[in-house]
Amino acid sequence: MTSRFEIRSFNFITWNWKRDFDIENAKKEIDYQVEKCNVNTITFAFSAYQEHCYSTYIKWKGSHMPNLEQFSELISYAKSKSLKVIVKPMLNVEDGYWRAYIRFFDEDVPCEPKWSDWFKSYYEYLLFYGKFCEENNVDIIIIGCELVGTDHREEEWRLLIKNLRKIYSGKLTYNCDKYQEHNVKWWDSLDYISSSGYYPKGKIRDQLNRIEKVVNEYNKPFFFAEGGCPSALNASKNPNDWTITKNGADSEDEQYEYYKEFLEETYKKDFISGFCFWDWPMKSPLNEKEKLVKDYSIKFKKVEKIISEYYNK
């Protein structure tokens, strides 16, 4: 049976590879996603770090990053299951500020951090994984995630894409943030448009109509590289507000009702090619008693069934 959606996935995420990774458990998580949720794509997400939003040095080497031998084995395992593979090298800020606030003066100022220095470090990071992805037959690279403060640096992003295409033959996209789809002016240089779809319940249809205009302008396929809602009371009002996972009350019904509307509305839109929902921790609960309450994770929760149904439509 052919599914309506080309990409059916979750962000299979770790913030610290050495701490979270176990090869057999990771393979079991992939099997679970296939058997219980009908995924056809595994999206491997991980993160480099920079000290603060004005740092120009990116720490993309170290034990927090993937062990390449283990990573290759996991990609091979996914491929052996006839799954597509997306690799998503992310960037976080060590002091807790959101990556969207990374930004510098648009004109160089002596003794101040510069865009050229930051992009030099970012290029090294992405080109390293571009080569790795080519060697491991990865289908898609997501070249950045929610770096809103950098989106206007069109020339630098186009140069990165040009250089990636010299070493990587797969597809490329950029995961822009919610409400930013129309602000990225270099979609023409990519193979997909993708964004974070954390839109409030009751307003999803309006936002899809807005996004569709951007997609039609560039005539590119579109998928949600992130999206979802915590299983917490009132989370559907602002599903991007992760603080509710700390302070809110548990509610699997809230998560279920959000996904129900989101999937119903997106299913009606032919321009949507799929989803990489947020998130599926690489170190996930092993049984229902350990499920991550109030969290974005859907494993062992009520919402698992409806996602599986739509992924199989």
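1. A good place to start is the group R103, D106, R153 and E156, which a network of salt bridges links together. A salt bridge here is a side-chain nitrogen of Lys or Arg within 4 Å of a carboxyl oxygen of Asp or Glu. Side chains of opposite charge can pair when their charged atoms come close. Across the whole structure, the search finds 26 salt bridges.

2. Before going further, please keep in mind that this is a predicted model, in which local features need pLDDT of at least 70 and side-chain atom pairs count only at pLDDT 80 or more, while totals for chains, interfaces and linings use all residues. Residues are numbered from 1 along each chain as its sequence is written, and side-chain values use heavy atoms, leaving out hydrogens and water.

3. Now for the overall fold: eight strands form a closed barrel in the order 1-2-3-4-5-6-7-8, with parallel pairing. From one strand to the next, the twist averages 25°. Helices (H or I, at least four residues) and strands (E, at least two) are DSSP runs numbered from the N terminus, and two strands pair if DSSP finds at least two bridges between them. Axes are lines fitted to C-alpha atoms, for helices over the stretch in contact, and angles run from 0 to 180 degrees between N-to-C directions.

4. Strand 1 (residues 7-13) is worth a look. Seven of its seven residues are buried, where buried means under 20% relative accessible area, exposed over 50%, and partly exposed in between (1.4 Å probe, protein chains only). Strand 1 pairs in parallel with strand 8 over six bridges, and S9 stands opposite C276 there. With strand 2 (residues 41-50), strand 1 shares three bridges, again in the parallel sense; N11 has T43 as its bridge partner.

5. Further round, strand 5 (residues 171-176) and strand 6 (residues 192-196) run parallel, joined by four bridges. The bridge partner of C176 in strand 6 is S195. As for the helices, helix 2 (residues 23-37) packs on the sheet and touches strand 1, strand 2 and strand 8, its direction making about 150° with that of strand 1. Helix 4 (residues 115-135) also packs on the sheet, touching strand 2, strand 3 and strand 4, at about 160° to the direction of strand 3. Contact means heavy atoms within 4.5 Å.

6. Back to charged pairs. R19 and D20 meet in a salt bridge (2.9 Å, N to O); R19 is exposed at 52% relative accessible area, whereas D20 is buried at 14%. D31 and K81 also meet in one (4.0 Å, N to O). That pair links distant parts of the chain, with D31 in helix 2 and K81 in the loop between helix 3 (68-80) and strand 3, 50 residues apart. K81 counts as partly exposed because its relative accessibility is 42%.

7. In the salt bridge between D177 and K178, the closest N and O atoms are 2.9 Å apart. D177 counts as buried at 4% relative accessibility, and K178 counts as buried at 10%.

8. Finally, is K269 buried or exposed? K269 is buried, because its relative accessible area is 17%. Its place is in the loop between helix 8 (252-267) and strand 8 (272-281). Not counting residues up to four places away in sequence, K269 touches R4, L208, N209 and E212.
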